[in-house]
Amino acid sequence: MIDEKILLQELDEMIKIQQKSVERAEQGSNEAVVYLESRELAAYMKVRNLIKEKSAHGAATPLGTQLNRQKQYNTDRQKSEIRKIVTEIFDLSLRLQEMTDGTIDWIDWREPGVPCVYVEYHGATAVLSVKIWENGFSAEQRPDYSTMLFLDNPNCMIEAGYLKEKLMGLLEERRGSDNGKDDSDHN
């Protein structure tokens, strides 16, 4: 019989190594390599989560059942928090494009001083990719900020919080400046 604890320890080590590979790939700014490394990381994490789930089902004692319920409650709460902050990130990204009448319209991101936010969700790996060019998009320039949030990892909340604050700051700057769009009627 396989010892789940040893297997989970090995998987955790592989996940740490793969996270470093993803970070190195992001620094190299090669989208294809980042994507492949991210998929491999997601696969390791899914296997780890599957093993943990199957191990929990084996512990069907009254105490084990109670602990599993508490763990499920905590997991559901974490999922809810992740879902909430991702929705806020999408909302803030859209608000950067919002006109005074509340409609979403095209903005010339190449115009200096107009922040460009690129948000992409990868359903196969549960990853939210975000790139921000604070002073307008330029194909020759790397983004001022770039991250990949692995949503099946509760630790993504720290980076997601930082990202949310960054987007809120850009929105406040946009409201304070005149980029051809009067946004003063928004809270």
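Reader: Which residues does Ala 126 touch, not counting residues up to four places away in sequence?
Author: The model is predicted, so local features need pLDDT of at least 70 and side-chain atom pairs count only at pLDDT 80 or more, whereas totals for chains, interfaces and linings use all residues. Residues are numbered from 1 along each chain as its sequence is written, and side-chain values use heavy atoms, with hydrogens and water left out. With contact meaning heavy atoms within 4.5 Å, and with residues up to four places away in sequence set aside, Ala 126 touches Tyr 121, Leu 149, Phe 150, Leu 151 and Asp 152.

Reader: Is Ala 126 buried or exposed, and what is its relative accessible area?
Author: A residue is called buried under 20% relative accessible area, exposed over 50% and partly exposed in between, using a 1.4 Å probe and protein chains only. Ala 126 falls in the buried class because its relative accessible area is 16%.

Reader: What phi does Ala 126 take in the hairpin of S1 and S2?
Author: Strands (E, at least two residues) and helices (H or I, at least four) are DSSP runs, numbered from the N terminus. Ala 126 sits in the loop between strand S1 (116-122) and strand S2 (127-133). The hairpin of these strands has 4 residues between them, and there Ala 126 takes a positive phi near 55°.

Reader: How many bridges join S2 to S3?
Author: Two strands count as paired if DSSP finds at least two bridges between them. S1 pairs with S2 in the antiparallel sense over 7 bridges, with Val 117 having Ile 132 as its bridge partner in S2. S2 and S3 also run antiparallel, and Lys 131 of S2 has Ser 146 as its bridge partner in S3. The number of bridges joining S2 to S3 is 6.

Reader: How many of the 7 residues of S2 are buried?
Author: In a regular strand the side chains alternate between the two faces of the sheet. In S2, Val 127, Ser 129, Lys 131 and Trp 133 lie on one side and Leu 128, Val 130 and Ile 132 on the other, and both faces are covered. S2 is largely enclosed by the rest of the structure, because the number of its residues that are buried is 7 of the 7.

Reader: Which element gives the largest share of the largest nonpolar core?
Author: A nonpolar core is a set of buried Ala, Val, Leu, Ile, Met, Phe, Trp, Tyr and Cys residues joined through side-chain atoms within 4.5 Å. The largest one has 20 residues, and those touching the most other members include Leu 128, Ile 132 and Leu 149. Two or more residues come from each of helix H3 (62-95), S2, strand S3 (145-150) and helix H4 (156-176). The largest share, 6 residues, comes from H4.
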